[in-house]
Structures are given as structure tokens and as C-alpha cells.
Amino acid sequence: MVGAVNDDGYNRTPAELNLEYQSGTRLYGIGYLLGLLANTDGGIDGYGGVYANVLLSPHWILTPEAGIGGYRQGQSKNMGSTFLFRLELGLAYQLAAGQRLGVKIAHLSNGDLYTRNPGENEILVTYSVALR
């Protein structure tokens with residue numbers, strides 16, 4: 001997580017692991033996704049949403065994502081609620097065998113639905129494989 005600081009004195013940048021499934025079935029170019037993100041401070045975010053692949057060239061792919069999910073704080077940052085929105089933008093290079101190597105930025109927040117909304121920003125290195 002980037003900038004993991006809040007009013008409660010939490011000032012850490014824990015390592016994260018993000019597993020995500022993007023459906024191969026799409027309607028008008030939009031598919032669904034399911035994800036689970038966990039950090040080394042015990043924070044867990046399970047989410048679902050939609051994505052689209054935008055081909056910039058034969059190998060470069062831009063992937064915007066939007067989702068909603070549930071958050072368990074553990075010893076991690078207090079996000080103000082269990083319910084969170086997630087926005088991501090990924091850029092990946094597709095290798096010859098179909099794998100993708102890239103980076104994505106993400107923002108999580110409760111969208112000011114609650115009094116407390118510190119939000120969270122992430123930068124993640126990604127490696128993707130197609131399930132056949």
C-alpha cells in the first residue's frame with residue numbers, strides 16, 4: 001500500500017498479495033472479476049466488479065477496473081467501514097505465450113458514505129496467466 005497513514009497513528013506500508021480472476025466471457029467488451037487482496041498486517045479485501053481490456057498495440061493492454069467489496073482491518077489501516085469501492089488502472093505487456101507482465105494503480109475508499117474515509121492508494125506489480 002502506498003501512503004498507508006491515518007489519524008489513528010497507523011504509519012506503515014505493508015506488503016500485499018492480490019489474486020484476481022477476470023472472466024473470459026464479456027458483454028460489449030466488459031467482463032466480471034473477483035479478487036482477494038491481503039496484506040502482511042492482516043488486512044483483507046474481497047471484491048467483485050467489472051473490467052475491460054483496451055488494446056493499445058498488439059502487446060500493450062490497458063485495463064480499467066471498478067468494484068465493490070468487504071474489508072477486514074486486522075492490524076492494518078482503519079478504512080472507516082467494511083464496505084469499500086475499488087478503482088484500478090493497469091498497464092501490461094502481453095508476452096508471446098499469452099502471459100502478461102505489468103503494473104496497476106488502485107484506489108480504495110468508502111466513497112464518503114461514512115464519517116471516516118481515509119482512502120488508500122496502491123501500486124502493484126502484476127503477472128497474469130490465462131486459464132484454459
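Strands here are DSSP runs of at least two residues, numbered from the N terminus. With that in hand, Ala130 is easy to place: Ala130 sits in the segment after strand S8, which covers 120-128. Keep in mind as you read that this is a predicted model.

**Ala130 and the way back to Thr63**

Ala130 has a relative accessible area of 45%, so Ala130 counts as partly exposed. If you measure from Ala130 to Thr63, the two are 67 residues apart in sequence, and their C-alpha atoms are 15 Å apart in space. Thr63 turns up again below, as one of the residues in contact with Glu88.

**Two buried acidic side chains**

Let's start with Glu88, which belongs to strand S6, residues 83-94. Is Glu88 buried or exposed? Its relative accessible area is 6%, and the cut-off for buried is under 20%, so Glu88 is buried. The side chain of Glu88 has a partner in there: a polar contact of 3.0 Å joins it to the side chain of Lys104. Once you set aside neighbours within four places in sequence, the residues touching Glu88 include Asn18, Glu20, Tyr47, Thr63 and Pro64. Glu65, Lys104, Ile105 and Ala106 are also among the contacts of Glu88.

Asp45 can be read in the same way. Asp45 lies in strand S3, which runs over residues 44-52. With a relative accessible area of 3%, Asp45 is buried. Which side chain does Asp45 meet in a polar contact? That would be Arg86, at 3.4 Å. Beyond the four-place window in sequence, Asp45 is in contact with Gly35, Leu36, Leu37, Gly69, Gly70, Tyr71, Leu84, Arg86 and Leu108.

Here are those two polar contacts laid out together.

| Side chain | Side chain | Polar contact |
|---|---|---|
| Glu88 | Lys104 | 3.0 Å |
| Asp45 | Arg86 | 3.4 Å |

**Gly49, further along S3**

Strand S3 also holds Gly49. Gly49 has a relative accessible area of 18%, so Gly49 falls under the 20% cut-off and is buried. Not counting residues up to four places away in sequence, Gly49 touches Gly31, Tyr32, Leu33, Ala66 and Gly67. Leu36, listed above as a contact of Asp45, is 13 residues from Gly49 along the chain, with 12 Å between their C-alpha atoms.

**The largest pocket**

The largest pocket has a volume of about 1000 Å³. It is lined by 33 residues, and the closest to its centre are Glu20, Gln22, Arg100, Ser128 and Val129. Which elements give two or more residues to this lining? They are strand S1 (16-27), strand S5 (60-72), S6, strand S7 (100-109) and S8. S1 gives the most, with 10 residues. By residue type, the lining of the largest pocket divides into 14 nonpolar, 11 polar and 8 charged.

**Aromatic pairs**

The model has 3 aromatic pairs. One of them is Tyr21 with Tyr32: the ring centres are 6.2 Å apart and the planes sit at 55°, so the pair is tilted. Tyr21 is in strand S1 and Tyr32 in strand S2 (residues 30-39), so this pair ties together parts that are 11 residues apart in sequence. Both rings belong to partly exposed residues, with relative accessible areas of 37% for Tyr21 and 43% for Tyr32.

Trp60 and Tyr93 make another aromatic pair, this time edge-to-face, with 5.1 Å centre to centre and 70° between the planes. This pair links distant parts of the chain, since Trp60 is in strand S5 and Tyr93 is in strand S6, 33 residues apart. Trp60 is partly exposed at 38% relative accessibility, and Tyr93 is partly exposed at 30%.

**Two loop residues with positive phi**

Tyr28 is not a glycine, yet its phi is positive, at about 55°. Where does Tyr28 sit? You'll find Tyr28 in the loop between S1 and S2. At 79% relative accessibility, Tyr28 counts as exposed, because the cut-off is over 50%.

Asp112 is another residue other than glycine with a positive phi, near 60°. Asp112 is in the loop between S7 and S8, and at 60% relative accessibility Asp112 counts as exposed.

Note on methods
Residues numbered from 1 in each chain as written. Predicted model: local features only at pLDDT ≥ 70, side-chain atom pairs only at ≥ 80, totals over all residues. Heavy atoms only, no water. Helix = DSSP H or I, 4+ residues; strand = E, 2+ residues; numbered from the N terminus. Buried < 20%, exposed > 50% of the residue type's maximum accessible area, 1.4 Å probe, protein only. Polar contact = N/O pair within 3.5 Å; in protein donor to acceptor, adjacent residues only side chain to side chain. Contact = heavy atoms within 4.5 Å. 1 Å grid on protein atoms, 1.4 Å probe; cavity = no way out; pocket = protein on both sides within 12 Å on 5 of 7 lines; lining within 4 Å. Points joined across faces, edges and corners; volume = space filled by probe spheres on them. Nonpolar A, V, L, I, M, F, W, Y, C, P; charged D, E, K, R; others polar. Phe/Tyr/Trp six-rings, centres within 6.5 Å; stacked < 30°, edge-to-face > 60°.
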